[in-house]
Amino acid sequence: MRISSFLIPTAAFAGAAGLSLVVAGFAATALENNSEIVVRRTLDEAGFSWAEVVADGLRVELSGEAPDEAKRFAAISKVGTVVDAARIIDLMEITPSKGIAPPRFSTEILRNDAGISIIGLIPSASDHSALVRKLSAIRGNPEVTDFVETADYPMPKGWNDAMAYALKALALLPRTKISVEAGVVRITAIADSPEAKEKLETDLNRMLPPTVHVTLDIAAPRPVISPFTLRYVLGPDGGRFDACSAESEESRLRILQAAQDAGLRRQSDCTIGLGVPSASWSRAVESGLKALTELGQGSITFSNGEVTLVAAQGTAQGVFDHVVGELESALPQVFVLHAVLPEPEEKNPDLTPEFTATLSPEGQVQLRGRLSDNAQRRTVDSYAKARFGSGSVYLATRNAPDLPGVWPIRVLAALDALAQLERGSVTVTPELVAVRGMSHQENASAEIARMLSDKLGEAEDYELDITYEAPPEPDDQLMAPALCEAELAAIQRADKIAFEPGSATVAADSARVIDKIAKLLQQCGEIPLEIQGHTDSQGREEMNLNLSQARAQSVLNALRARRILTGSFVAKGYGEDNPIASNSTEDGREANRRIEFRLIESELPDAEDAEDEGDSGTDETAETAPAQAEPEEDTDGQ
């Protein structure tokens, strides 16, 4: 049977159509898979791993949760670089916003000699104005530069504790930068010495609250030693250092080893500091100590580039010449040697002129012996009163016209050395300045040696015998504020604070008075104290007011220079408003020119208790004349 001619074309057409459908299906599937692979790879390379891709024919559907609108748009743009943008269907969602995050609260506080500056962001609830007031109270009347902004957000946990700790630390550190965050404080500061650094770290760690973490970075730079001094004395019982300076740890070890080879019998150390005159310092010292050992006895002093070798009396001239020659050859080029072989002692001791000064534990000074003439007597008397106080010096010297020309310099240098002691004596002869006594400073011997080397000059000999005693421990119980006020008045009744005529500069002879006041204030703690300046009525009222304010501020500055915590002190001038005597007489005007120390009653921790405890002290102050300044010889009487 023959197949119909109509069925053959029909079957062929149907077969072609089926084949086309199959081919189209495979092509569409390949296109979808290829598009999905390319887009997926592109998104992963761009870091959009959160996006999902589904290809449906020519459509490319993007889904998933974008972190924000910017990321969603970036994903669409990235896919548009590999497929036609018209094919992209955006089904992505955006992660819901959690609201604006609170700011990071932090401040930085900088304190130096110019004042205090603070910058940063703090919570509104922490009371910005109260913070500035507390900063102002740290140093009395500082210049506080305020760059703080506030934000009305909840106060983070630990913020108050961190800021309170930072303010306490700021009171202890005159040069510091303190960074404060919630529960975290970072302190960068400079201490005057390694000992001061250790004490500061101890105090700061002791006051640290448990809720605050602190990071301390306190540096103790090496001191500048001027003049750079070393002095070694070798006697029958061995050697000792009166002063020892080194520029590095290696130099210190070399010097101490050379001293041990030269008979050092005492435990000694060298101060490491800046100012060495030569990189060959330790080599020069080693040569000097070796030379002194060959002499057997004597002393050698290095003061910058000057070297003074003093042999013991009775040293053979030949031995002396040989040692000096060898040492001159061994010393580096920058050093200059001065060698001294003392002459035999005079058989008649009355022919040797002598000057002596003694300092008692009570601060009384007696000057005896020989001075050149009346002019020198007046000079020495004035100089001693400036160093020890006008009421503490007794002069009993006699004139001797044949004294050496350097005699006045030696006497004044001896008085400077005596002022470094708590008790002791100095003896000046043509050949020697001898200093003996006790000090509360461990390095007093080195400081005095350095000073004498600088003042006496080359080829001059001196002898030191200085012992150290630890200062008496302060009482655990601080002195009552009212008693402090009364004691301050008593100090000035004995020896008042004086100023240069017509100026706010504290007179040189009042330095010891302020030293006594500073020592007393260390026993008083941080009491609220007003330092009052007063004048007489001569001159214009405005000028008197300004002068009294400047003088009160000068006293406050002098106390700060003696490391007294003056955060609770205020300097205020009253001019001529509060006289305690008549201004019509010179004696009355002299009494009215004065400095007074008064408690600020309203700022006492417990005003009622303070008044009860201080009744007797206040009465005592009222019965006696207030602390007054020394009379001055200026033309306007101020």
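The following paragraphs describe a helix pair and a sheet in a predicted model. Local features need pLDDT of at least 70 and side-chain atom pairs count only at pLDDT 80 or more, while totals for chains, interfaces and linings use all residues. Residues are numbered from 1 along each chain as its sequence is written, and side-chain values use heavy atoms, with hydrogens and water left out.

Helix 3 (residues 128-138) packs against helix 4 (residues 159-172) at an angle of about 20°, and their axes lie 9 Å apart. Helices (H or I, at least four residues) and strands (E, at least two) are DSSP runs numbered from the N terminus; axes are lines fitted to C-alpha atoms, for helices over the stretch in contact, and angles run from 0 to 180 degrees between N-to-C directions. Helix 3 is therefore roughly parallel to helix 4 (angles under 35 degrees). From helix 3, Leu131, Lys134, Leu135 and Ile138 meet Met163, Leu167, Leu170 and Ala171 of helix 4 (contact means heavy atoms within 4.5 Å).

The second element is an open sheet of five strands, with mixed pairing and the order 12-11-15-16-17; two strands pair if DSSP finds at least two bridges between them. Strand 12 (238-243) and strand 17 (336-340) each have a single partner strand, so one side of each is left without a neighbour in the sheet. From one strand to the next, the twist averages 15°. Six bridges join strand 15 (residues 298-303) to strand 16 (residues 306-311) in the antiparallel sense. Helix 8 (residues 317-330) packs on the sheet and touches strand 15, strand 16 and strand 17; the direction of helix 8 makes about 170° with that of strand 17.

Key. Parallel < 35°, antiparallel > 145°, perpendicular 65-115°, else oblique.
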